[in-house]
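Trainee: Could you pick one part of this model and take me through it slowly? I would like to know where it sits and what surrounds it.

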Amino acid sequence: MTQVYLTQTGSFTARHGHGGTLAEDVHEHTFCYEVTFHGPLNPEGYLIDFRELSAAFEKEINAHFSGQNLGDFFDNPTTEALCLWIYNRVREIFPHLYAVKVAEEADRWVEYRGEE
């Protein structure tokens, strides 16, 4: 059976700040994310409809965080915490989830594949 990897991207602008050793005041980023799925092609020859992914990402991720302070959602509002949250939320909707990557800057990514 043919297996494929499919990646959908998205982004939103939000704020976060850090205490402790990171010690940063609240500041804004455009967080970019990539969500990759893996699995067999369905009888019509695709894994997941891109339109379904776009709609779910807009509702479940972008609308949830856009314009918000991540400190209102996470005790430690790191990119790592955001990546784990996105992974767990998307996994509830799409079981073919393989990995989530989140960037707060073009040269900094966090990736999570469900490993513990």
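Mentor: A helix here is a DSSP run of H or I with at least four residues, a strand is a run of E with at least two, and both are numbered from the N terminus. With those names, Ser66 can be placed in the loop between H1 and H2, and that is the part to look at. Keep in mind that the model is predicted.

The whole chain comes before the loop. Its secondary structure amounts to two helices and four strands, arranged along the sequence as β-β-α-α-β-β. Along the principal axes, the C-alpha atoms fill a box of roughly 50 × 25 × 25 Å. The chain has 116 residues, and 40% of them count as buried. If you take the contacts between residues at least 6 apart in sequence, 62% of them join residues at least 24 apart.

Is Ser66 buried or exposed? Neither: its relative accessible area is 40%, so Ser66 is partly exposed, as the class runs between 20% and 50%. Once neighbours within four places in sequence are set aside, Ser66 is in contact with Phe12 and Thr13. Leu22, by contrast, is 44 residues away in sequence, and the C-alpha atoms of Ser66 and Leu22 are 23 Å apart in space.

Phe12, one of the contacts of Ser66, leads to the aromatic residues. Two rings pair if their centres lie within 6.5 Å, and by this rule there are ten aromatic pairs. In one of them, Tyr33 and Phe57 have ring centres 5.7 Å apart and planes at 65°; that angle is over 60 degrees, so the pair is edge-to-face. Tyr33 belongs to strand S2 (residues 24-40) and Phe57 to helix H1 (residues 50-65), so this pair links distant parts of the chain, 24 residues apart. Both Tyr33 and Phe57 are buried.

Another pair involves both helices. The ring centres of Phe65 and Trp85 are 4.8 Å apart and the planes stand at 80°, which makes this pair edge-to-face as well. Because Phe65 lies in helix H1 and Trp85 in helix H2 (residues 79-93), the pair ties together parts that are 20 residues apart in sequence. Phe65 has a relative accessible area of 0% and is therefore buried. Trp85, at 24%, counts as partly exposed. Ring pairs join these residues into a cluster made of Phe12, Phe31, Tyr33, Phe57, Phe65, Phe73, Phe74 and Trp85. Ser66 thus touches a member of this cluster, Phe12.

The two helices are also linked by charged side chains. Glu60 and Arg89 form a salt bridge, with their closest N and O atoms 2.8 Å apart. Glu60 is in helix H1 and Arg89 in helix H2, so this bridge ties together parts 29 residues apart in sequence. Glu60 is buried, with a relative accessible area of 17%, whereas Arg89 is partly exposed at 22%.

The structure holds seven salt bridges. Another of them joins Arg51 and Asp49 at 2.9 Å, N to O, and Arg51 is exposed, with a relative accessible area of 65%. Glu111 and Arg113 also meet in a salt bridge, at 3.1 Å, N to O. Both ends of that bridge are partly exposed: Glu111 at 41% and Arg113 at 40%. Salt bridges that share partners combine Lys59, Glu60, Arg89 and Glu92 into one network.

Glu104 offers a contrast. This residue is in strand S3 (residues 97-105), and it is buried yet has no salt bridge. The nearest side chain of opposite charge is Arg108, 4.6 Å away, and a salt bridge needs a nitrogen and an oxygen within 4 Å. Glu104 does have a polar contact of 2.5 Å with the side chain of Thr79. Leaving out residues up to four places away in sequence, Glu104 touches His16, His29, Thr30, Phe31 and Thr79. Phe31 is also in the aromatic cluster.

How values were computed. Residues are numbered from 1 along each chain as its sequence is written. This is a predicted model: local features need pLDDT of at least 70, side-chain atom pairs count only at pLDDT 80 or more; totals for chains, interfaces and linings use all residues. Side-chain values use heavy atoms; hydrogens and water are left out. Rings of Phe, Tyr and Trp (its six-membered ring) pair if their centres lie within 6.5 Å; planes under 30 degrees apart count as stacked, over 60 as edge-to-face and the rest as tilted. Buried means under 20% relative accessible area, exposed over 50%, partly exposed in between (1.4 Å probe, protein chains only). Contact means heavy atoms within 4.5 Å. Lys and Arg count as positive and Asp and Glu as negative; His and the chain ends are not counted. A polar contact is a pair of N or O atoms within 3.5 Å; within protein, one must be able to donate a hydrogen and the other to accept it, and residues adjacent in sequence count only if both atoms are side-chain atoms.
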